Amino acid sequence: MQAPFILKSDRGSPRFMARNDHHGPWGSPPAEEPGPEPPADKTGARPRVPPRRSPPSRPPAGPTRLDGVGRRVADEARRLQDGLSRWGPPPAAIPIAIAAALLGWAASGVYLVQADQAGVVTRLGAFAGVAGPGLGYHLPAPLGAVQKVSVARANETVVGGGDTAGAASREVVLTADGNLAAVGFVVDWKVKDPRAYLRNVRHPDGLVQVLAEDAVRQAVARVSFGDLLVGGRAAAEERAAVTLQQGLAAAGAGIEVEAVRIRSAGPAPAAAPAFDDISAAAQDSAADRDAAGDRSKKALADAQSQGAVVIAQAEATRAQAVSQAQAEVARFAGALAAWRANPDLTRSRIYAETLEAILAHSRKIVVDAHGVAITPSQGTAPVQVRPLPTPPGDKAPR
Amino acid sequence: MRRGALAIAAGVLVIGVLAAGSLFLAPQDQQIVVMRLGAPVRVVDGGASSFLQLKAPFVDSLIRLDRRSLWLARDGFSAVSADGRPLAAGAIVRYRIVDALGFVRSVGSERALADRLTPMLGAAAHAALASASYQQILGGDRAAIDGKALALTRDEAQAARLGVAIDAVQVADIAPTPSEGEAIQARMAQGFSGEADQMRDEGKAQARAIDAKGKAAAAEALAQATGQAAAIATDQEAQVGRIYAQSFGADPGFAAFWRSMEAYRKTLADGSAVLVLSPDSPWLRYLVRPPPGR
């Protein structure tokens, strides 16, 4: 803001030059100056000034004074200055530059506090008030200052990594039953009192972390490992939040703890593989049971189908036997009818048919009364003869 | 004119340099020790004086100290509980620099202060923890322990004239010693392994039970079917018997003859029998002796 004005006035008004030199913006102009000028100015001003400009006037406005001086001096000055003369500021520029510089300085007191912020304003280093959202004004730059603090938004302090962090980076803490748990947690907190937050404790964010670690440690020390994993976590979180709030309040940190959330809890790193094996074992166990269930179902299904086959076979056998019996009975009925009509003839016919059927397919040996074979069968030695079965009912069919 | 302007510039420059070297602000959260040629001469308390302050340019330098509460957290202390269990412990201390001159004279910087405070904290934590049982330390209210540690640290700091006021000491980060921690983890791992083994064994046992039950169910199903088949066979006998009885009952004499003939046909007509016939048998009667002509 101020740089362009300084640039213009540096030639005509050395007062500003000296003054601004103190502020230290000399580094910035060179980009806009013609090449050799800016460094030559301090050194070059010296040879230029001696030509007896000194006695008369302190007041500014170089050009007007030049009119009244001898031509030789003017020529000399012109020759020395040459192209530089057009850089001489117009007379009106100086007060404008002063005014603008003052205005710019005054404007440094304007500040904007965002909707979720509070501004802690100081005047000469002393607390002057807390400003809400919107535009505000404090004393210009070094005299007044504002520090903006986010008050509406919750801050997160993450300890021991989040959900994705490995067990190695978590806090390893003792549980009530003497086990070691690895815990990762988050503290949600807000700035409740911006002035206290900035003024009472140095590095309050770090204090939140340090106190939270111990608060969680104390809280976890009161629940068992099993409860920490399932069921008892909320109580530990609640207790840790209370402890942490007490610690921060004792320090006057101006911080309100909204929640302590234990995001991950498990066994300490060295015990973790064995712990993970439990769920693998549960899977294995379930797989064993499932396989056995499948086997049982299959065995039952096999037995059922086998049983169905047995039953079907029995039914088929029954059907066959019944139909066989029926067929036989039908033939018997036919034979019986014939027998009733003519018993003798039928009996001998049946007898003959039967013997015919038997003897047609059998090897026969006819033996005489002395036991000698009349029709020797091939390879058959004479055998003991037993009488043929006699047809039932009578001695011999006639 | 140029010379005059230069003189003005030089004057302003000198005034500016002098002003910058001799004026300073003490913010409310700072206390500033003015050092003259390396020796502390006075303190400007930002909380008390909020105006531009003066110092001698060039000869006076400033050390800015915080007026706020400062804190320091240290861990890795070893301790033993009253009932003899070794522990690892830490401590958090909250303090303020209340005697800035004394602070600058005795320690000079916060880093040096931390170096001085750390062993004091370790000793205080050790002594405070030695007064409480392991259970009290771990699961109990720590207020008494913290109070003891605070008193001890306070005494030490006062004796050492550190220029600070110890506001709070909190024993923290209570943990088992590294070797005990390893032992605990090994025990836990063993427990978990046992649990896993038991789970697997249970799964196997359950699987065996399920298998046995399944086999029993299968056998029962088969037995049921066999029983049903037997019933069918019985029924078959009954039906067949009924059929024969109804039919053969009409003439038992003929039925016996007919049935025997059927049986002979079935048993003897398969070609396996060798039949020895006597020429005297009625069957060969006509073969041997034709009937007499009429």
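Let's start with chain B, whose secondary structure comes to 8 helices and 9 strands; by helices and strands I mean DSSP runs, H or I over at least four residues and E over at least two, numbered from the N terminus. Chain A has 12 helices and 10 strands. Before going on, please keep in mind that this is a predicted model, where local features need pLDDT of at least 70, side-chain atom pairs count only at pLDDT 80 or more, and totals for chains, interfaces and linings use all residues. Residues are numbered from 1 along each chain as its sequence is written, while chains are lettered from A and ligands numbered from 1 in the order in which they are written.

How much of each chain is buried? In chain B, 31% of the 294 residues count as buried, and in chain A buried residues make up 30% of 398. The cut-off, for those of you who like to reproduce things: a residue is buried if 20 or more other C-beta atoms lie within 10 Å of its own, exposed if 12 or fewer, and partly exposed in between, with C-beta atoms placed from the backbone.

Now contacts, which here are pairs of residues whose C-beta atoms, again placed from the backbone, lie within 7 Å. Among contacts in chain B between residues at least 6 apart in sequence, 68% join residues at least 24 apart. For chain A, with a separation of 6 or more, residues 24 or more positions apart account for 65%.

On to the cores. A nonpolar core is a set of buried Ala, Val, Leu, Ile, Met, Phe, Trp, Tyr and Cys residues joined through C-beta atoms within 7 Å. The largest one has 107 residues, and B:A91 and B:A125 have the most contacts inside it. Helix α8 of chain A, residues 204–220, gives the most to this core, with 9 residues. What does B:A91 touch, leaving aside its neighbours within four places in sequence? Its partners include B:F77, B:L121, B:A125, B:A149 and B:V169. There is also a second, separate core of 16 residues, with A:W339 and A:Y351 among them.

Two of those partners of B:A91, B:L121 and B:A125, take us to a helix pair. Helix α3 of chain B, residues 110–129, packs against helix α5 of chain B, residues 143–159, at an angle of about 145° with the axes 8 Å apart. Axes are lines fitted to C-alpha atoms, for helices over the stretch in contact, and angles run from 0 to 180 degrees between N-to-C directions. The crossing is right-handed, meaning that the near helix is turned clockwise from the far one by less than a right angle, with anticlockwise being left-handed. On the α3(B) side we find B:L121 and B:A125, among others, and on the α5(B) side B:A149 and B:L152, among others. By class, this contact has 11 nonpolar, 1 polar and 2 charged residues, where Ala, Val, Leu, Ile, Met, Phe, Trp, Tyr, Cys and Pro count as nonpolar, Asp, Glu, Lys and Arg as charged, and the others, Gly among them, as polar.

Next, a strand in chain A. Strand β8(A), residues 180–191, is mostly covered, with 9 of its 12 residues buried. Strands count as paired if DSSP finds at least two bridges between them. With β9(A), residues 255–267, β8(A) pairs in the antiparallel sense over 11 bridges, and A:G184 has A:S264 as its bridge partner. Strand β6(A), residues 155–159, is antiparallel to β8(A) over 5 bridges, with A:V158 partnered by A:V186. Strand β7(A), residues 171–174, joins β8(A) through 4 antiparallel bridges. Those two, β7(A) and β8(A), form a hairpin with 5 residues between them, and A:G178 in the turn has a positive phi of about 80°.

Last, where do the chains meet? The contact takes 117 residues from chain A and 106 from chain B. Helix α11 of chain A, residues 272–341, supplies the largest share of the chain A side, 42 residues. That side has 65 nonpolar, 26 polar and 26 charged residues. Strands pair across the chains too: β10 of chain A, residues 363–366, and β9 of chain B, residues 274–277, run parallel over 4 bridges, and A:R363 has B:V274 as its bridge partner.

How values were computed:
Contact = placed C-beta atoms within 7 Å.
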